[in-house]
Each structure stands twice: as structure tokens, then as C-alpha cells.
Amino acid sequence: MQQEGGIKIYPSVLAADMGRLKEMAQAAAAAGADGLHLDIMDGYFVNNISMGFDLISDLRSVTNLPISVHLMVMWPEWYIPRCAEKGADTILFHVEARSEIETALRVARRMGSRVGLVLNPETPAESAVPHLGLCDEILCMSVHPGFGGQVFIESVLYKIRLIRKEFPQGIVSVDGGLDADTSAKAVECGADLLYLGTYLFKAQNMAATIANLRKQCRRADA
Ligand code: DX5
Ligand code: ZN
């Protein structure tokens, strides 16, 4: 089920020490991460504000890791061009946002970015299905978006299976409450890209934690 090269692991920098972000990005690369995940919020789509667009280019200047930007904003279409210009490789926005979905997907594709839709835990798989042809990735939120450190919502596993079935060639990713156990469950259901904040940035040894995650996920996918 997995993409060539196995499961992809992207640390979510929301859980990193914001005062040492460049150093943390380099540490994630050294620990074997496949990319970085950046959560951008507008304080309106979710009840929180995190980081701004300049951080994309700041991180781009210190690492070659692919950067995936998760837009938790009400009007993604307004911000997609800026994310692409700043160096985002993948731009993900919510199917529950207000922008017309296909217009926003096309804007991102025109900018040369990979693009994906994000589904909140309660949002059914069916809301993404009509748009799969324009998507490189579907991200299933396994917590309510806006904050790190929450508990994984198990009922999302069923949706991961459904999306995998409908989207055999695409990337199915998961974000929120992931650790070694919940990652293995998500991979067993067909996920091939995992975004982990707390579990990786609060780990004593990120390299060993990533290596162990890969082992657990390989087992789950066997
Ligand atoms: C939550 C964010 C996540 C968050 C995950 O809205 O989208 O990317 O950083 O954090 P953990 O892994 O701590 O749940
Ligand atoms: Zn995220």
C-alpha cells in the first residue's frame, strides 16, 4: 500500500521550540525525517494562531527537506500563492473552509505545488472524493485541528481505509495524536505519510524514535 520507499515521517514543528526553529529543523533532518510540517492558522477557522508565512522561507533556507504547509484558514485561496512563493512543496487546506474547493486546488497546482485536502475528524470521506483528481494528498485529521498534544481519535481509522480505497495512487496522510501505536494503526489502514508533533519533538532522541516508528509501521503494513 505504501508509496515507494516506505512510510514518510514529517515532524510537525508546532511542537518544536519556536525560539530555536532553524536548529530544530536541522535536527529533524539529521534524525532521518522525510520532511517538515508547518501549521498555519488564522485564528478564525480554528481558535488559535501559530506561525506566519515567512517561516516557510526561513526554514527553506536551512534545510532541503520537503515542506508541507497545513493551512487552517477560512479562505485558503488568499494564502496559497504566498505559501508557494515562500517555498512550500505541498499545500494542504481544509475541505470545510469557505473557498471554492476546485478553484483553490487549481490555484495551488498552477503555482507548481503539490496540493491536498484536509478532512476534520467528523467530515466524511465522501466530501473529498469528487476532488481526488486534482489532489496529490488527502490528510485525515485524527484530532480537532488547532492544537498539538491531543488524543488520537480512533474512529478516523475507518475513514483512512475508505480514502485509501478511493485514492489508490495518492498519498493518504494522518495528523494529530500520533505515536508508535496509533501510527501503526493508521498505516495498517492504508496511511503512507504521518505528521507527528509532540511525539517527535518531545522525544529524548528523535533519531531513535523515528527509527522505531519505521519499524513498527513496516510491521503493521506487512
Ligand atoms: C494540529 C496540527 C498538528 C499538530 C500535531 O492542528 O495540525 O500538525 O502539530 O501535533 P500532535 O502530534 O502533538 O498531535
Ligand atoms: Zn497539521
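Before I begin, one definition: when I say that a residue is near a molecule, I mean that one of its heavy atoms lies within 4 Å of that molecule. Please also keep in mind that what we are looking at is a predicted model.

Let me start with ligand 1, which has 18 residues around it, and of these Ser12, Gly146, Asp175, Gly197 and Thr198 come nearest. If we sort the residues of this shell by character, we find 10 that are polar, 6 that are nonpolar and 2 that are charged.

Which residues make polar contacts with the oxygen atoms of ligand 1? The side chain of Ser12 has an N or O atom 2.7 Å from an oxygen atom of the ligand, and a polar atom in the side chain of Asp175 is likewise 2.7 Å from a ligand oxygen. From Gly149 the partner is a polar backbone atom, at 2.8 Å from an oxygen atom of ligand 1. Taken alone, the ligand would expose 380 Å², and the protein buries 98% of that area. Strand 2, covering 36–41, and strand 3, covering 67–72, are the elements that give two or more residues to the shell.

Now to the surroundings, where ligand 1 sits in the largest pocket. This pocket holds about 280 Å³ of space, and its lining consists of 26 residues, with Gly148, Gly149, Gly176, Gly177 and Gly197 lying nearest the centre. Two or more lining residues come from each of strand 2, strand 3, strand 8 (193–196) and helix 7 (198–201). By character, the lining divides into 12 nonpolar, 11 polar and 3 charged residues.

Technical notes
Residues numbered from 1 in each chain as written. Chains lettered and ligands numbered in written order. Predicted model: local features only at pLDDT ≥ 70, side-chain atom pairs only at ≥ 80, totals over all residues. Heavy atoms only, no water. Polar contact = N/O pair within 3.5 Å; in protein donor to acceptor, adjacent residues only side chain to side chain. Areas by Shrake-Rupley, 256 points an atom, 1.4 Å probe, with all protein chains shown as cover. 1 Å grid on protein atoms, 1.4 Å probe; cavity = no way out; pocket = protein on both sides within 12 Å on 5 of 7 lines; lining within 4 Å. Sits in = over half its atoms within 2 Å of the grid points. Helix = DSSP H or I, 4+ residues; strand = E, 2+ residues; numbered from the N terminus. Nonpolar A, V, L, I, M, F, W, Y, C, P; charged D, E, K, R; others polar. Points joined across faces, edges and corners; volume = space filled by probe spheres on them.
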